[in-house]
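Here are some notes for a colleague who is opening this structure for the first time. They are set out as numbered points, to be read with the model in view.

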Amino acid sequence: MSFQHIWEERPSTFLSGGTPMETEDDARKAVEAKPDHFLGYSVSGAMVYVCEHDSIMVPIESYKTCLYHSKRVVRCTLFEDKFSGDAGKSLFPGGLENGKGGQPWADWKRPGMGIYDRAGL
């Protein structure tokens, strides 16, 4: 298992409590150099702030925020046996929950909420 760092842009948001930087490129380099310390940066025109992990995201129309986070990359094969995957489709026509009947015997709906249930939900 490994991690891949990716940038995610959030328009109309600002990370509070940031440290001013000269340029957006400087902020990006600072965040990439210390991903365990910095969450990302916020920018509006010439105003650029690099922000730590305890920053709070606030909606401000004139700013955009770029978050730097990790995505876990798992390299493996998915488990398959005679009941799962493509092999299971021939054993259980209509799906595993239907046994060998073919047509779905159950009409799956969301769980009820008692007195708050409404018709048509």
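**Notes on the predicted model**

1. A convenient place to begin is Ser-42, which, when its neighbours within four places in sequence are left aside, is in contact with Thr-13, Phe-14, Leu-15, Met-47, Val-48, Tyr-49, Tyr-63, Lys-64 and Thr-65. Please keep in mind throughout that this is a predicted model.

2. Is Ser-42 buried or exposed? With a relative accessible area of 0%, Ser-42 counts as buried, and its place in the chain is strand E3, which covers residues 38-44. The side chain of Ser-42 has two polar partners to inspect: the backbone nitrogen of Leu-15, which it reaches at 2.8 Å, and the side chain of Thr-65, to which it is joined by a polar contact of 2.9 Å.

3. For the overall layout, the protein chain has two helices and five strands, and these follow the pattern β-β-α-β-β-β-α when read along the sequence. Of the contacts in the protein chain with a separation of 6 or more, 61% are between residues 24 or more positions apart. Buried residues account for 20% of the 121 residues, while the exposed surface of the chain comes to about 9100 Å², with 57% of it supplied by carbon and sulfur atoms.

4. Which strands pair with E4? Strand E2 (residues 19-21) pairs with strand E4 (residues 47-52) in the antiparallel sense over three bridges, and Tyr-49 in E4 is the bridge partner of Pro-20. E3 and E4 are also antiparallel, here over six bridges, and in this case Val-48 in E4 is the bridge partner of Val-43. The hairpin formed by E3 and E4 has two residues between the strands, and Gly-45, in the turn, has a positive phi of about 65°.

5. Ser-16 sits in the loop between strand E1 (2-15) and E2, and it is partly exposed, with a relative accessible area of 24%. Not counting residues up to four places away in sequence, Ser-16 touches Ser-55, Ile-56 and Val-58. Ser-16 and Tyr-41, which are 25 residues apart in sequence, have C-alpha atoms 9.7 Å apart in space.

6. Two of the residues touched by Ser-16, namely Ile-56 and Val-58, belong together with Ile-60 to a nonpolar patch on the surface, whose accessible area is about 220 Å² in total. Ile-60 lies in strand E5, which spans residues 57-73, and is partly exposed at a relative accessible area of 30%.

7. The whole structure contains four salt bridges. In one of them Lys-64 is joined to Glu-9, with the closest N and O atoms 3.7 Å apart; this pair links distant parts of the chain, since Lys-64 is in strand E5 and Glu-9 in strand E1, 55 residues apart. Another joins Glu-24 to Lys-64, with the closest N and O atoms 3.5 Å apart, and this pair too links distant parts of the chain, namely helix H1 (residues 24-33) and strand E5, with the two positions 40 residues apart in numbering. Through shared partners, the salt bridges join Glu-9, Glu-24 and Lys-64 into one network. Glu-24 is partly exposed at 29% relative accessibility, and Lys-64 is partly exposed at 23%.

8. A further salt bridge joins Arg-10 and Glu-8, where the closest N and O atoms are 2.8 Å apart. Arg-10 counts as partly exposed at 32% relative accessibility, and Glu-8 is likewise partly exposed, with a relative accessible area of 27%.

Methods
Residues are numbered from 1 along each chain as its sequence is written. This is a predicted model: local features need pLDDT of at least 70, side-chain atom pairs count only at pLDDT 80 or more; totals for chains, interfaces and linings use all residues. Side-chain values use heavy atoms; hydrogens and water are left out. Patches are made of residues with over 30% relative accessible area and no salt bridge: like charges are joined within 9 Å, nonpolar side chains (Val, Leu, Ile, Met, Phe, Trp, Tyr) within 5 Å. Accessible areas come from the Shrake-Rupley method with a 1.4 Å probe; for residues, only the protein chains shown count as cover. A salt bridge is a side-chain nitrogen of Lys or Arg within 4 Å of a carboxyl oxygen of Asp or Glu. Helices (H or I, at least four residues) and strands (E, at least two) are DSSP runs, numbered from the N terminus. Buried means under 20% relative accessible area, exposed over 50%, partly exposed in between (1.4 Å probe, protein chains only). A polar contact is a pair of N or O atoms within 3.5 Å; within protein, one must be able to donate a hydrogen and the other to accept it, and residues adjacent in sequence count only if both atoms are side-chain atoms. Contact means heavy atoms within 4.5 Å. Two strands pair if DSSP finds at least two bridges between them.
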